[in-house]
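Me: Please take a close look at the salt bridges in this model, one pair at a time. I would like to know where the partners sit and how far each is covered, and then how the domain contact and the nonpolar surface fit beside them.

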Amino acid sequence: MQNNIQEDLKLFNKLANDFLKEEKLKPLSNYIKPEDLYDKIDLALNDYPAIDDDFKKTLHQLILSTPKSSSKYFFNQLFGGRHSKGILGDLLAVLLNNSMATYKISGPQVGVEKEIIKKVCDLIGYNNKPGGTFPTGGSMSNFMSLIIARDNKNKEIINKGFKDNLIAYTSENAHYSMAKSASFSGLGKENVRYIKCNEYGQMDFKLLESQIKNDLDNNLVPFYINATAGTTVLCAFDNIEEISKISKKHNLWLHVDGAFGGAVIFTDKYKSLVQGVEKSDSFCFNAHKTLGVPLSTSVLVVNDVKCLETSFGNKASYLYQTHDNDYNLGQTSFECGRRNNALKLWTMWKSIGTRGISQIINHEFDLADFARDYVVNNDNYKLYSFENSLSICFNYKKYDPIDLCSKLYENNKVMVGFGYFNKQCFIRLVTINGENSKKDILNFFKTLEEFVESNKDLIKKIK
Ligand SMILES: *Cc1c(COP(=O)(O)O)cnc(C)c1O
């Protein structure tokens, strides 16, 4: 088989067309048990090349057997659907294959990344020499924010490691990357305080302040607060305005983890959910979650770009040979060779404008209202989530949500997950696919109801 890009682009087009057709006809790929995987698909790598025809057939089978995350039956993750202009940009980025480390390697792509960062900082209201970068995802954005905050507290940590007993604060409903970041950064998982939430899943800021005081009294060194804009399960928005007062008063870094809900900065209608965000020190959002841009597209911005340079800049004479550091983005990023994750967001943003992005977010909140109304107005359902959220958490009749989600998946009906809040378990429907309509949401509920009615005795009940 030849290494021939023209031929392979033809093959790509054919596979892409087959896949898109199949996605409509058969939105769920047949579930394959992990233990059957190698029997069903020829995944083995051999000493000798595959026969051309076998290679194509296997590739075809492989893509059609993969879960279809853009179909109308996929509600399992905080991403779903696709924006075609995002796909276009990402395909081009693959073809161009630059690395975002220096201007010399990526040229105008540096401008693409910088333009997005500038616009995002404007939308937030950062005005103290702001800047940012494109980490590999929300987890990495959170990790980088913790490192910046650590070094901002004490620059010596970069060279000498920890001396003081630093303490970070987040909500008990924060994303699990917070714990991992604490471990990776050398802070230690036990030095994160998980602050209790109110009945709506928002961090209780009074408890936050009393915990900080308590730690200060014990000669510990508070340095970082991680507030969440859209918690992973409930999509609850912490009160940034109140939390920012506490961070200012005690001189702590305030990071806003908007990986899920942070894209509300694009819409006047919902921006108030992150009121006070301009008073934070860093902020991130994932365009691959609510905006339909391919994985991963996470934007991390800081109010003062110097702190990114302090934590992530380093000398490397074999790499940085031309241009100012303003244009050598490797001086503010985690990786050295770094994929161009900006272009796909830029192509989409350029093509639909900020207004188009705002319409996508508004539409997703409309879908959430529609789904919530459906649940509230139907006695067979019980609602566990709240307004101004893209998560609709519910249980149907007395069916066990864990068993119901698994059976819906294994029987190729619909992909949806479950979550917990205050020890209650429930199904979590997320309206993060801007391509969906109310009809698609209604179809989700009908699919679930019909499946339950015809499998009543097979699904476990809650005690
Ligand atoms: C999804 C999510 C993350 C992690 O983002 P990844 O891109 O999956 O690493 C972080 N925080 C919150 C609140 C999230 O919902």
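**Salt bridges and their surroundings**

Reply: Asp440 has a relative accessible area of 12% and is therefore buried, since the limit for that class is under 20%. The model is a predicted one, and what follows is computed from its atoms. The partner of Asp440 is Lys72, and the closest N and O atoms of this salt bridge are 3.3 Å apart. The two residues belong to distant parts of the chain, with their positions 368 residues apart. Lys72 lies in the loop between helix H3 (52-65) and strand S1 (74-75), whereas Asp440 is part of helix H16 (residues 438-454). Lys72 is partly exposed, at a relative accessible area of 32%, so this pair joins a partly exposed lysine to a buried aspartate.

A second pair is found within one helix. Arg372 and Asp369 both lie in helix H14 (residues 343-376), three residues apart, which is about one turn of the helix. Their closest N and O atoms are 3.0 Å apart. Here the arginine is the buried partner, with a relative accessible area of 6% for Arg372, while Asp369 is partly exposed at 30%. Elsewhere, salt bridges with shared partners connect Asp90, Arg339 and Lys344 into one network.

The third pair is Asp304 and Lys306, with the closest N and O atoms 3.9 Å apart. That value falls inside the 4 Å limit for a salt bridge. Neither partner is buried: Asp304 is partly exposed at 23% relative accessibility, and Lys306 is exposed at 53%. The pairs described here are among the 22 salt bridges counted in the model.

Next, the domains. The chain is divided into domain 1 (5-66), domain 2 (88-348) and domain 3 (353-455). How many salt bridges run between domain 2 and domain 3? The count is zero. The two domains are nevertheless in contact, through 22 residues of domain 2 and 26 residues of domain 3. Their centres, taken over C-alpha atoms, are 29 Å apart. The size of an interface is often given as the accessible area lost when the parts come together. For domain 2 and domain 3 this area is about 2,000 Å², and 69% of it is on carbon and sulfur atoms. On the domain 2 side, Val233, Leu234 and Tyr270 lose the most area to domain 3, and together they make up 29% of what that side buries.

The nonpolar surface comes last. Ile5, Leu9, Phe12, Leu88, Leu91, Leu92, Leu95 and Leu96 form a nonpolar patch there, with about 720 Å² of accessible area together. Two elements each give two or more residues to the patch, helix H1 (5-25) and helix H4 (84-96). H4 supplies the largest share, five residues. Leu9 belongs to helix H1. Why can Leu9 count towards the patch? Leu9 has a relative accessible area of 38% and is partly exposed, and patch residues must have over 30% and no salt bridge.

Notes
Residues are numbered from 1 along each chain as its sequence is written. This is a predicted model: local features need pLDDT of at least 70, side-chain atom pairs count only at pLDDT 80 or more; totals for chains, interfaces and linings use all residues. Side-chain values use heavy atoms; hydrogens and water are left out. Patches are made of residues with over 30% relative accessible area and no salt bridge: like charges are joined within 9 Å, nonpolar side chains (Val, Leu, Ile, Met, Phe, Trp, Tyr) within 5 Å. Accessible areas come from the Shrake-Rupley method with a 1.4 Å probe; for residues, only the protein chains shown count as cover. A salt bridge is a side-chain nitrogen of Lys or Arg within 4 Å of a carboxyl oxygen of Asp or Glu. Helices (H or I, at least four residues) and strands (E, at least two) are DSSP runs, numbered from the N terminus. Buried means under 20% relative accessible area, exposed over 50%, partly exposed in between (1.4 Å probe, protein chains only). Domain bounds come from an automatic or database domain assignment. Contact means heavy atoms within 4.5 Å. Buried area is the accessible area (1.4 Å probe) that two parts lose on being put together, summed over both.
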